[in-house]
Every structure is written in C-alpha cells, then in structure tokens.
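Reader: I am new to this structure. Can you show me how to read its charged pairs and its cysteines?

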Amino acid sequence: MSIPTDVLEAVASAMMAEYVVSTQLIQPLWGGYGELFRASLSGSQHTSVIVKHIKLPQPKVHPRGWNTPISHQRKLKSYQVELHWYQQYANDCLPQCPVPKCLYVEEQNDEILLIMEDLATLGFEQTFTSFEPTPINFMPKQANHESMTGASLISHQHIESCLSWLAYFHAQHLAIEPHGLWECGGYWHLATRPDELEKLTDVPLRQTAEKIDTTLQQCQFQTLIHGDAKLANFCFATTNNRVAGVDFQYVGKGCGMKDVILLLSSCLPYQHCEQDVPALLNYYFDQLKQALSEHQPQISPQAVEEEWRPLYCVAWADFQRFMKGWSPTHWKINNYTESLTQQALTQLNSPKQGQFTQ
C-alpha cells in the first residue's frame, strides 16, 4: 500500500521536516478507513512519527460483512473521539500508564491526519498482532523461561504489565466525566450494536442484554476505560516491564472490569483461565489500590474493589452478548466465557438481584 504524496508532504510540513525519508505500513485501518504508518523524517526534531491517516467516506467492503450505516456512523464517531482524546487527554496521562503524545491534528474535507509520538523511539519496541492465545504460545508463570523462546510467546509478565497499566489508567480517571469521549466506553457497547443484538440467537442472553448493560453503567464507581484493551493495543519495552497503550477510538466512561476482561480474552488461553484468573485479578486490584493511594487518596480502594470485582462475570456476559451476535463461531466464545455468562445471568435474574458472588 503506497501512501499518497500529498499526505507525506503534509506530514513533513507539520513536523517541520525537510522530507519523509521512508514509510512503514503498520496496518490498514479496520474496515478500509485509511492506514496507520510510521514515517521516518529528515531535518525534524522527531526522527520518526506514527501517522493515522483516516479517510471518512463509507468503504464498500467490511472484513466480516458488517458494512451498515450504523457501523459507519460508529466508526465516524470513534475517530472524532480518538482525536478529542489525543488533543485533550493523552498528554496528561500518568507515567505509569504512558500513551503516545499528540503532535499534530488536521481535519480537512473527508480526511483526518493524526500525528503521534513513535513509541519505538522511547523504547516500546515489542508489539503483538491479534491471534488466538493457546497453551502453545503461552508461557505459564512457573515455566522454564530459558527453554521457551519465541517472538509471539505471551508471558504472565506481559499480562501483569498490561493490568498495571490499566489499574493506573483507571485510577487516574476515576470519577472523571468523559467530555468529548464515549458516554459508555467499549467498542461492543449495547446501544451501538443493534445489528449484532438482532442476530443473537442465545435467547436468555438477548433477553438479559439490557439488564447487563444497565448494571455496568449504573455502578457507583465509573472511570475512563480504554475501550479496546486487547494485547495488540499495548507496546512493550524490551529492557524493562513497562508498557504503553495505543488506539483510543473507544475510550469512554465505564467500569474497569470491561477493560480487564477484554485484555484477558486476547492473551490468556481459556484453558488457563480457571487456574490463573484469580491471581491476575488480585494483581490488578493490588495495583489499583496502590494507584489510588498515590493519585486519588480521597477514594476508598476497598469500596471500588468491593463493587467492581463481582462485576467481572457481568462484564464477560456483556462481551459475550456482542461476540455471539457478531461472530458466533469466534474462538473468544468458549467453555470459560459460557460459564461466566451463565453465572451473570443467574445472578441478575435471581430474586436477590445485584448480590454477586466473587
């Protein structure tokens, strides 16, 4: 895929560079809405930058056949949300939850140019593409690390680093109103997915969809959630355990458990969930407690945990509702997610509704 010359000239001009030396396509934007690429520069204070070039006219093809007006409008809003995030929030994120700094934004006709820091120049060089996590590409906590190598091998340390990033991100933004962002964060939010709900054949789940959504939206402690916190949206430092988050199209208000379950769905083999999730949840809440004590000491960490931890299964049920309507044979639907969904439905539909077990 070649980058249009006028786009490269705009990047060079915005970064006060002599010219763009080279480009590297990182990925086409989902649904054919443009491209994300790295631009190496000559004569600029930035040796390289990351450019998101968004073309807004509705594409004719969607990877999974969901090329509908609702899908198009959701995409349009997501790019406006992302621009607002980078212009108003990104540069103030805590050092414990780094994100790319916004360097330049330009909106013209049907195109958007967003230029950000290149995290690779800051040491965040390792990334993962989206793939199904299996026991083969997962490094258990007690594994012999010296005997397990591989660029795509996921370790407990990777997951804990992401959970720490999420904990500080959630703590920093707890009780903040999402001005200019999604009123309900997450790309699978019920109100934006009527097409997928219509396709859902799991009747009990469809009948409880609104109650699940309401339960998550009405919890007392709301924060900003990343909204698409999959492993592929984190960049890892190769010399320490730090990570940085990218891709903020669906950042908005929500319960932190929505980010946690999305992360785990993308990196922990479901065969390991029963055994490993309790310790990983403990790690997340330990990090959240530390982050709140440092940055929001007026908020009780215990109160947040007591409300959020029981909503873990509800957040899974909410995501399961989307997945089973969007792609019923997807690998993210499995025995573990079915079990948690059933747990959430049982509790939400019980006479003692709202009294969740942990």
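Reader: Which side chain does K55 meet in a salt bridge?

Author: The model is predicted. A salt bridge needs a Lys or Arg nitrogen within 4 Å of an Asp or Glu carboxyl oxygen. K55 and E35 fit, at 3.9 Å from N to O. K55 sits in strand β3 and E35 in strand β2, so the pair ties together parts 20 residues apart in sequence.

Reader: Is E35 buried or exposed?

Author: Buried means under 20% relative accessible area. E35 has 2%, so it counts as buried. K55, at 34%, is partly exposed.

Reader: Which parts of the chain does the pair of R38 and D118 link?

Author: Their side chains meet at 2.7 Å, N to O. R38 is in strand β2, and D118 is in the loop between β5 and β6. They are 80 residues apart. D118 is buried, at 3%.

Reader: How many residues apart are R321 and D318?

Author: They are 3 residues apart in helix α9, so about one helical turn separates them. Their salt bridge spans 2.9 Å, N to O. Both residues are buried.

Reader: How many salt bridges are there?

Author: The count comes to 10. K52, E82 and D247 are linked in a network of them.

Reader: How many disulfides does a search of the whole structure find?

Author: A disulfide needs two cysteine sulfurs within 2.5 Å. The search finds 0. For C235, the nearest cysteine sulfur is that of C162, 9.9 Å away. For C313, the nearest is that of C255, 11 Å away. C313 is buried, at 2% relative accessibility.

Key
Residues numbered from 1 in each chain as written. Predicted model: local features only at pLDDT ≥ 70, side-chain atom pairs only at ≥ 80, totals over all residues. Heavy atoms only, no water. Buried < 20%, exposed > 50% of the residue type's maximum accessible area, 1.4 Å probe, protein only. Helix = DSSP H or I, 4+ residues; strand = E, 2+ residues; numbered from the N terminus.
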